[in-house]
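Let's take a friendly walk through this structure, from the whole chain down to single residues. Please keep the sequence and the 3D view open as you read.

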Amino acid sequence: MSRPAKAPPLPAALARAAVDSIADALVIIGADGGVVHLNPAAEELFGRSRERAVELPVRALPGGHQLAVISERARLSQESQSAEFPSPLDPGVPISLEASPLFDGPTIAGTVVV
């Protein structure tokens, strides 16, 4: 039996469009703790445009301390982590989030927080 051909890598523009189409807020955090990407839902949640947030420490976002903590836990444990924290839009409303390590081959390049 022959093996199916390996799928070509997903073009960067298509990958970005896929991330941006997710309805939930999604933040990609680099291994250095800096914001790499916000999708449109995250821009709305944090009140920051992608352009203003990229390369800032994640702690600079509203509620960013909690994001930094769960991101670091996911990166160090190399496993997904879940938590609830107050919404940046309304601190009386808790939001659930999940942080997962972002692997680039065997290396952890950062985390994805949804």
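The report below starts with the overall fold and then turns to a helix, a pocket and three residues.

## Overall fold

Please bear in mind that this is a predicted model. The protein chain holds 4 helices and 5 strands, and their order from the N terminus on is α-β-β-α-α-α-β-β-β. Along its principal axes, the C-alpha trace spans about 60 × 30 × 25 Å.

How much of the chain counts as buried? Of its 114 residues, 31% do. The protein chain exposes about 7,100 Å², with carbon and sulfur atoms supplying 57% of that area. As for contacts with a separation of 6 or more, 30% of them come from residues 24 or more positions apart.

## Helix H4

Helix H4 covers residues 64–77, and its length is easy to check. With 14 residues at 1.5 Å a residue, H4 should span 20 Å, and its end C-alpha atoms are indeed 20 Å apart, so the two values agree. Just after H4, Gln78 takes a positive phi of about 60°.

Which residues of H4 are buried? They are Gly64, Leu67, Ala68, Ile70, Ser71 and Ala74. An α-helix has 3.6 residues a turn, so residues three or four places apart point the same way. The cover over the buried residues of H4 includes strand E1 (27–30) and helix H2 (40–46), and it also includes strands E3 (81–86), E4 (94–104) and E5 (107–113).

## The largest pocket

The largest pocket has a volume of about 150 Å³. Among the residues lining this pocket are Asp24, Ala25, Val27, Leu45, Phe46 and Leu67; the lining also includes Phe85, Ile95, Ser96, Leu97, Val113 and Val114. Leu67 also appears among the buried residues of H4.

What classes of residue make up the lining? It has 10 nonpolar, 1 polar and 1 charged residues. H2 and E4 each supply at least two lining residues, and E4 gives the most, with 3 residues.

## Asp20 and Glu43

Asp20 sits in helix H1, which runs over residues 12–20. Its relative accessibility is 21%, and because buried means under 20%, Asp20 counts as partly exposed. Not counting residues up to four places away in sequence, Asp20 touches His37, Leu38, Asn39, Pro40 and Arg50. Asp20 and Val54 are 34 residues apart in sequence, and 15 Å separates their C-alpha atoms.

Glu43 lies in helix H2. Leaving aside neighbours within four places in sequence, Glu43 is in contact with Leu38, Arg48, Ser49, Arg50 and Glu51. Leu38 and Arg50 are also touched by Asp20. From Glu43 to Val27, 16 residues apart along the chain, the C-alpha separation is 9.1 Å.

## Val35

Is Val35, in strand E2, buried or exposed? With a relative accessible area of 3%, Val35 is buried. Strand E2 takes in residues 35–38.

Beyond four places in sequence, the contacts of Val35 include Ile28, Ala53, Val54 and Glu55, along with Leu56, Pro57, Val58 and Leu61. Val35 and Val19 are 16 residues apart in sequence, with 15 Å between their C-alpha atoms.

Key. Residues numbered from 1 in each chain as written. Predicted model: local features only at pLDDT ≥ 70, side-chain atom pairs only at ≥ 80, totals over all residues. Heavy atoms only, no water. Expected span 1.5 Å × (residues − 1). Buried < 20%, exposed > 50% of the residue type's maximum accessible area, 1.4 Å probe, protein only. Contact = heavy atoms within 4.5 Å. 1 Å grid on protein atoms, 1.4 Å probe; cavity = no way out; pocket = protein on both sides within 12 Å on 5 of 7 lines; lining within 4 Å. Points joined across faces, edges and corners; volume = space filled by probe spheres on them. Nonpolar A, V, L, I, M, F, W, Y, C, P; charged D, E, K, R; others polar. Areas by Shrake-Rupley, 256 points an atom, 1.4 Å probe, with all protein chains shown as cover.
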